[in-house]
Amino acid sequence: MTNTLTSSNFNTDTSDENGNKSTTAAREIAWFSLRSGKICLGKKPTAADFARLKGLGVTHLATVQTSEEDAPRIRDGAIAAGLEWSWVPFLHPSAVSPTDDVHLHQYLHELSQLLLEGARIYLHCDGSQHRCSLLFYALCHYCRVPSDSAYNALHSFGATAANNLVRSELAWAAELGHTAPRM
């Protein structure tokens with residue numbers, strides 16, 4: 001199992017007061033190599049982001065949102081750009097929701113399989129990156145990455161990804177990854 005981080009520029013188009021577009025390197029994508037594939041955490045994509053993500057080598061977009069949070073719009077944009085789309089309808093571990101551990105175990109297995117097949121997955125939720133950070137941490141544990149390495153990888157995605165998670169949430173995610181059956 002290889003676990004490394006690499007970065008690619010994520011360019012954002014901006015316009016000046018005359019409407020002239022310019023491209024700036026406003027964001028980087030940090031890739032974490034896991035199994036034969038790579039995964040990253042990112043912001044919720046806008047309509048203009050899908051083609052850029054495809055151009056950066058993203059093969060799969062994994063949306064950690066409910067249908068009430070624009071998941072269908074994101075699905076349509078991803079598919080139109082030629083990306084594979086996976087939906088992980090997950091609210092939060094402490095939320096009362098129909099998402100239970102059995103479903104989350106299945107999602108971990110599916111993401112793990114995609115990575116085993118060499119996918120480059122862009123994992124996102126909303127702007128907070130809270131749920132996708134928890135899912136990434138659980139996925140690392142599912143793939144037998146030690147907690148300290150998984151936490152360091154989470155920090156490599158930026159302070160927001162790791163610093164907004166409390167110990168009880170990290171413990172929940174680690175347990176989720178460890179208890180998921182190998183299918």
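This briefing walks through the helix packing, the core and a few individual residues of one protein. The model is predicted. The protein has seven helices and six strands, and buried residues account for 43% of its 183 residues. A good place to start looking is helix H4, which gives the most residues to the largest nonpolar core, nine in number.

**The overall layout**

- If you follow the chain from start to end, the pattern reads β-β-β-α-β-α-β-α-β-α-α-α-α.
- Take the contacts between residues at least 6 apart in sequence: 68% of them join residues at least 24 apart.

**The nonpolar core**

- The largest nonpolar core holds 53 residues, and Leu123, Phe136 and Leu154 are the ones that touch the most other members.
- Helix H4 is the top contributor to this core, with nine residues.
- Once residues up to four places away in sequence are set aside, Phe136 touches Phe32, Ile39, Leu41, Leu123, Ala150, Ala153, Leu154 and Phe157.

**How H4 packs against its partners**

A quick word on the descriptions here: a pair of packed helices is described by the angle between the two axes and the distance between them.

*H4 with H7*

- H4 covers residues 130–142 and H7 covers residues 167–179; their axes come within 7 Å and cross at roughly 40 degrees.
- That angle makes H4 oblique to H7.
- The crossing of H4 past H7 is right-handed.
- On the H4 side, the residues that meet H7 are His130, Leu134, Tyr137, Ala138, His141 and Tyr142.
- On the H7 side, look for Glu169, Leu170, Trp172, Ala173, Ala174, Leu176, Gly177 and His178.
- Sorted by class, this contact has nine nonpolar, four polar and one charged residues.

*H4 with H3*

- H3 runs over residues 101–116, and it packs with H4 at an angle of about 70 degrees, with the axes 10 Å apart.
- H3 and H4 are therefore roughly perpendicular to each other.
- This crossing, too, is a right-handed one.
- H3 brings Leu108, His109, Leu111, Ser112 and Leu115 to the contact, while H4 brings Leu135, Ala138, Leu139 and Tyr142.
- By class, you'll find seven nonpolar, two polar and no charged residues in the contact of H3 with H4.

*H4 with H5*

- H5 spans residues 147–156; H4 and H5 pack at an angle of about 145 degrees, and their axes are 9 Å apart.
- H4 passes H5 with a right-handed crossing.
- From H4, Ser133, Phe136, Tyr137, Cys140 and His141 take part, and they meet Ser147, Ala150, Tyr151, Ala153 and Leu154 of H5.
- The class count for the contact of H4 with H5 is seven nonpolar, three polar and no charged residues.

**Ser112, a buried residue in H3**

- Ser112 sits in helix H3 and is one of the residues that H3 brings to its contact with H4.
- Ser112 has a relative accessible area of 1%, so it is buried.
- Leaving out neighbours within four places in sequence, Ser112 is in contact with Arg35, Leu139, Tyr142 and Cys143.

**Two arginines with positive phi**

For background, most residues other than glycine have a negative phi.

- Arg35 has a phi near 60 degrees, a positive value in a residue other than glycine.
- You'll find Arg35 in the loop between strand E2 (21–34) and strand E3 (37–42).
- Arg35 has a relative accessible area of 29%, so it counts as partly exposed.
- Arg35 also turns up among the contacts of Ser112.
- Arg144 has a phi near 70 degrees, again positive in a residue other than glycine.
- Arg144 is in the loop between H4 and H5.
- The relative accessibility of Arg144 is 48%, so Arg144 is partly exposed.

**Arg73 in helix H2**

- Arg73 lies in H2, the helix over residues 71–80.
- With a relative accessible area of 37%, Arg73 is partly exposed.
- Arg73 touches Lys44, Pro45, Thr46, Ala47 and Phe50, with residues up to four places away in sequence not counted.
- Arg73 and Ala47 are 26 residues apart along the chain, and their C-alpha atoms are separated by 8.9 Å.

Notes
Residues numbered from 1 in each chain as written. Predicted model: local features only at pLDDT ≥ 70, side-chain atom pairs only at ≥ 80, totals over all residues. Heavy atoms only, no water. Axes fitted to C-alpha atoms, helices over the stretch in contact; angles between N-to-C directions. Helix = DSSP H or I, 4+ residues; strand = E, 2+ residues; numbered from the N terminus. Parallel < 35°, antiparallel > 145°, perpendicular 65-115°, else oblique. Left-handed = near helix turned anticlockwise from the far one by under 90°. Contact = heavy atoms within 4.5 Å. Nonpolar A, V, L, I, M, F, W, Y, C, P; charged D, E, K, R; others polar. Core = buried A, V, L, I, M, F, W, Y, C linked by side-chain atoms within 4.5 Å. Buried < 20%, exposed > 50% of the residue type's maximum accessible area, 1.4 Å probe, protein only.
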